[in-house]
Amino acid sequence: METHAKVVVIGGGVVGCSILFHLAKFGWKDVLLLERSELTSGSSWHAAGQIHTISSDPNISKLQGYTIKLYDELEELSGQSVGLHACGGFYLASTPQRLDYLKQERSKARYMGLDQEFVPLDQVAEMNPLIDPGKYLGALYDPLDGYIDPSGVTYAYAKAARHYGARWYRDTPVVETNQRPDGSWDVVTPNGSIHTEIIVNAAGLWAREVGHLAGIDLPVQPMEHHYLITEEIPEIAAHGKEIAAGIDYEANIYFRQEHNGLLLGTYEPKGTPWMVNGTPLDFGHELLQDDLERVADRLELAFERIPALGRAGIKSVVNGPFTFGPDGNPMIGPVPGLKNYWAAVGVMAGFCQAGGVGLCMAEWMIDGEPSVDVWAMDIARFGNFATPEYGTVKSTENYERRFLLTYPNEELPAMRKLKTTAVYDRLIAKGAVMGVSFGLENALWFAASPDSAFEEPSFRRSNAFEHVAAEVKAVRERVGAIEIANFAQHEFTGPGAAAFLDVLLANSLPTEGRLKLTPMLTAKGRMYGDMSVACLGPERFMVIGSGAAQEMHRRWFEKHLPDQGVQYRNRSDELHGFAIAGPRSRELLGRLCRYDVSNEALRFGTIRETSVAGVAAILARISFSGELGYEIYCAPHSQLRLFEALEEAGSDLGLSWYGARALMSLRLEKSWGVWTMDFRPDFTPLEAGLDAFVAYNKAADFIGKQEVIVARDAGATKKLVTLVVDTDVDCHHDEAVFHNGQCVGYITSGGYAHYSGCSLAMAYIPAELCADAEAFEVEILGELKPARLQANPLYDPSGSRMRA
């Protein structure tokens, strides 16, 4: 066995083999894979093998489509059959709410180029004679769906990787991973040690154990999962061709043909975590003891929906473990804080997703970034709040909800209050309805009382609507306050801090006591952050960004950090506070300060270390509401004092507390985008409308400079725009946008603009259509709603109120 490799992939399941294949295909030949037993050991060998394209995230759906389309190439390269049965598949809805969900999915599929369409229920019965069409309201059909042979696919990836020069070794368990001072790794096995630049943990059921070898905890959890295979069913045998596969959401079952019988699987309402304290090292090609009692209620529903099941004998029952992540999506990419250590774990839908995961991992390693935004899969979306216990509880919750409907306004209950601020109880007492972001509780909106602080999950306007409207009105006409603990605060100090940030950020740096907006770009000139940068002293800067993306950004900062001259610290948990906004916010602030807060003394874009209400604070005159406003950051132990002072001083000013829903409405009226939705690595600053904040001519050769100049000179092919939509059902995200009957783009975010009194959405459309204000439509829950372009912000387009 070799003693050196550029990359060592640990784990010979379908995910590890796909990564190996893509690395070798794209030109990295010095790569190898180590498998502790046989390829497919663990979960891959006993998978049901059903494949589909639908996913909660559009880019994951796109990558699942890529995975399925890759199978023909794999067969040709490897000479190994993957057992692909392209029988097509349908998704069945038996409630109006589930039908709404499928309409959303069809809309999303349109702009992704996926061929999903609704089909009449009598046609469903023709494609699958086991189905009773009378049980359903609608069916969405995808011709790409079907099933494969799990072992065949895994070996096809491995053999195709070998075709391109990669190597893989069976019966080679990894017993140690030791990092050298230069960041490279020694991978120790009973067959010898390998020195490698990069480790990839793709160990599946053993991802936690392999992580422990490097000193990290990965919040994944193997779950027991049942499926059964029936004896021959006469209706299948007599059908004359393969029946279409299917998912029945309300029955919580998936099914496909297996010879002349049926394979049927389910996600039971009470999931069973397997081996919470660690996967046995001697486990491999074994199954677990079946327990049909656990899935009995689901089987009863299946017999009701598919009557032929009740007449068929059970040929075999499979109960095997496979690994879930906290939100059901894979966890891939460089692990923050651990140089040259990559993960590809929690890929529970491996035969739908492994091809896309391998593609993105290989692009990321070789090119420095994947070709699409992978935030929904990025391991950096979790921080140190995601403990092993969190992984078990949230993975179980996700398993149990695998086929349950989760609404866009719904917050899930498991593992809440992991992170709260000093004023959590005070906000709850005011009727706050809480959401969670990066583990931190934050107020979404305020009900009239704690007793009514509950939001009905819905695709439509909920009971929050009128409350959010009142919060918006308070900000626009009086003064509102919102907690801002969920913003990320990154501090850079030292003699090299300014030079470092000048290369890291695309805008020029502010002078001392000032702050600026700035994009942060990848090497290819695409967005990697929408930040504010503040200069607090000659050698001290704060970079303020998305709280949800703080680990992603920390990883980026540390990747580029020089060996000396710059110290970096993520201070997000050290600086909490409040933003106040509205025409009376200056008056409120003035009551809490001993110094002049007039416009002349505290201009827009000013930041200073000072005191507010006797609390040591960082005070910034900036506002995301579009009103005159200020952000006040303080230590968590001082936050309660600041809260009480705001309450007291604002009592006669009409002070109202507001939440994230109101803030999103306020920013929509200003046509301002937000990170992870409107601003993402899929787009350039020019496309996102942020090119005004790129200092193309500054002396520093900032990351992505040449690429963004080329993009500027070539002109944008698509643009982020604001649409006014004639609808009583607001957009959320991913709805298709049409122009003269053709799908031309998609919604990135939307909602109701309460003060302007209309429904707004932000969308990317072809640049050449930006001159045509009319002839647009947005598909919302299956209906095309008229829309028009809004060239300027609906509210205060000049920005005079914010700068007053």
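In this predicted model, the axes of helix α12 (residues 465-477) and helix α17 (residues 660-669) come within 9 Å and cross at roughly 60°. That angle makes α12 oblique to α17. The crossing in which α12 passes α17 is right-handed.

On the side of α12, the contact is made by V468, E471, V472, V475 and R476. On the side of α17, R661, A662, S665, L666 and E669 take part. Sorted by class, the contact of α12 with α17 has five nonpolar residues, four charged residues and one polar residue.

The second topic is a sheet. Strands of a sheet pair through backbone hydrogen bonds, either parallel or antiparallel. Here five strands form an open sheet, and their pairing is antiparallel. The order of the strands is β23-β24-β25-β22-β26. From one strand to the next, the twist averages 25°.

Which strands stand at the edges of the sheet? They are β23 and β26, and each has a single partner strand, so one side of each is left without a neighbour in the sheet.

The table lists three strands of this sheet with their residue ranges.

| Strand | Residues |
|---|---|
| β22 | residues 487-493 |
| β23 | residues 515-521 |
| β26 | residues 567-570 |

The pairing of β22 with β26 can be followed in detail. These two strands pair in the antiparallel sense over four bridges. Within this part of the sheet, H490 stands opposite N570 in β26.

Note on methods
Residues are numbered from 1 along each chain as its sequence is written. This is a predicted model: local features need pLDDT of at least 70, side-chain atom pairs count only at pLDDT 80 or more; totals for chains, interfaces and linings use all residues. Side-chain values use heavy atoms; hydrogens and water are left out. Axes are lines fitted to C-alpha atoms, for helices over the stretch in contact, and angles run from 0 to 180 degrees between N-to-C directions. Angles under 35 degrees count as roughly parallel, over 145 as roughly antiparallel, 65 to 115 as roughly perpendicular and the rest as oblique. A crossing is left-handed if the near helix is turned anticlockwise from the far one by less than a right angle, and right-handed if clockwise. Contact means heavy atoms within 4.5 Å. Ala, Val, Leu, Ile, Met, Phe, Trp, Tyr, Cys and Pro count as nonpolar, Asp, Glu, Lys and Arg as charged, and the others, Gly among them, as polar. Two strands pair if DSSP finds at least two bridges between them.
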